[in-house]
Structures are given as C-alpha cells and as structure tokens.
Amino acid sequence: MQWRSIALQIRAEFEANRGETSPVRIQQLVRETEDVLKEYRHPLPYKYMTAPGGTKYERNKWFEDNMTCKF
C-alpha cells in the first residue's frame, strides 16, 4: 500500500466518527489508529543531527565544560 492511501483511509475513519461523544469510544479509536501508525512506522526514523541520539548531539559538550580561562 502507498502511504497516501493509508493516510486517506485513516482520515476517512476519523471523519466517519467525527460526531462521537463517548470518551471511551474516542480513546479506543485513537488507540486503534496509533496501532496502525506503529505498524507502518519506518524502522530507522530520521533523527536531527543536533537532537538527542543525533550524530552531533553534545559533540562539543566536553570542550564547553572544560574551557576555563586561567590567567
């Protein structure tokens, strides 16, 4: 399946249940949708370089912590 068709299917399900007022049913719908999204999640999600887990995260932390001006 293509990503766009899955996104349209999820959106259609939300639109079909737009008028739902039961908090329990709403939570169930959200949980089911999250399960579908987990199923199609990329195995190696993109991480920004400077974000935690990125290649440049705290790269210069040692230098910043150990830089002192000694006069």
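## Surface patches and side-chain contacts in a three-helix model

Ile26 is partly exposed, at 36% relative accessibility. This residue sits in helix α2. The model is predicted, and the values below are computed from it.

**Overall build**

The protein has three helices and zero strands. Along the sequence the pattern reads α-α-α. Of its 71 residues, 7% are buried. The accessible surface comes to about 7,000 Å². Carbon and sulfur atoms account for 57% of that surface.

**The nonpolar patch**

Which residues make the nonpolar surface patch of about 210 Å²? They are Phe14, Ile26 and Val30. Phe14 belongs to helix α1, whereas Ile26 belongs to helix α2. Phe14 is partly exposed, with a relative accessible area of 37%. Patch members need over 30% relative accessible area. Phe14 clears that cut-off because its value is 37%. Ile26 also clears it, because its value is 36%. Phe14 and Val30 stand 16 residues apart in sequence. In space, their C-alpha atoms are 9.0 Å apart.

**The negative patch**

A patch of negative charge also lies on the surface. Its members are Glu13, Glu32, Glu34, Asp35 and Glu39. Which helix gives the largest share of this patch? Helix α2, spanning residues 23–39, supplies four residues. Glu13 is placed in helix α1, which runs over residues 3–16. Is Glu13 buried, partly exposed or exposed? Glu13 is partly exposed, at a relative accessible area of 41%. That value passes the patch cut-off of over 30%, so Glu13 is accessible enough to count.

Glu13 can also be placed relative to Thr33. The two residues are 20 apart in sequence and 9.2 Å apart in space, C-alpha to C-alpha. Thr33 is found in helix α2. Unlike partly exposed Glu13, Thr33 is buried, with a relative accessible area of 12%. Thr33 counts as buried because 12% falls under the 20% limit.

**Salt bridges**

Side chains of opposite charge can pair when their charged atoms come close. How many salt bridges does the structure hold? There are two. Glu15 takes part in a bridge with Arg11 and in another with Arg18.

| Salt bridge | Closest N to O distance |
|---|---|
| Glu15 and Arg11 | 2.4 Å |
| Glu15 and Arg18 | 2.9 Å |

Where do Glu15 and Arg11 sit relative to one another? They are four residues apart in helix α1, so about one helical turn separates them. Glu15 is partly exposed, at 34% relative accessibility. Arg11 is partly exposed too, with a relative accessible area of 48%. Arg18 is exposed, with a relative accessible area of 59%. Shared partners join Arg11, Glu15 and Arg18 into one salt-bridge network.

Glu15 has 34% relative accessibility, yet patch residues must have no salt bridge. Glu15 is therefore ruled out of the patches, because it bridges to Arg11.

**The aromatic pair**

A pair of aromatic rings is described by the distance of the centres and the angle of the planes. How many aromatic pairs does a search of the whole structure find? The search finds one. Tyr46 and Tyr48 form this pair, with ring centres 5.3 Å apart and 90° between the planes. The arrangement is edge-to-face, because planes over 60 degrees apart count as such. Tyr46 is exposed, with a relative accessible area of 66%. Tyr48 is exposed as well, at 59% relative accessibility. Both tyrosines count as exposed because their values are over the 50% limit.

**In brief**

The predicted model has three helices. Phe14, Ile26 and Val30 form a nonpolar patch. Glu13 joins Glu32, Glu34, Asp35 and Glu39 in a negative one. Arg11, Glu15 and Arg18 share a salt-bridge network. Tyr46 and Tyr48 pair edge-to-face.

Methods: Residues numbered from 1 in each chain as written. Predicted model: local features only at pLDDT ≥ 70, side-chain atom pairs only at ≥ 80, totals over all residues. Heavy atoms only, no water. Patch = residues over 30% accessible without salt bridge, like charges linked within 9 Å, V, L, I, M, F, W, Y side chains within 5 Å. Areas by Shrake-Rupley, 256 points an atom, 1.4 Å probe, with all protein chains shown as cover. Salt bridge = Lys/Arg side-chain N within 4 Å of Asp/Glu carboxyl O. Lys, Arg positive; Asp, Glu negative; His and termini not counted. Charge placed at Lys NZ, Arg CZ, Asp CG, Glu CD. Helix = DSSP H or I, 4+ residues; strand = E, 2+ residues; numbered from the N terminus. Buried < 20%, exposed > 50% of the residue type's maximum accessible area, 1.4 Å probe, protein only. Phe/Tyr/Trp six-rings, centres within 6.5 Å; stacked < 30°, edge-to-face > 60°.
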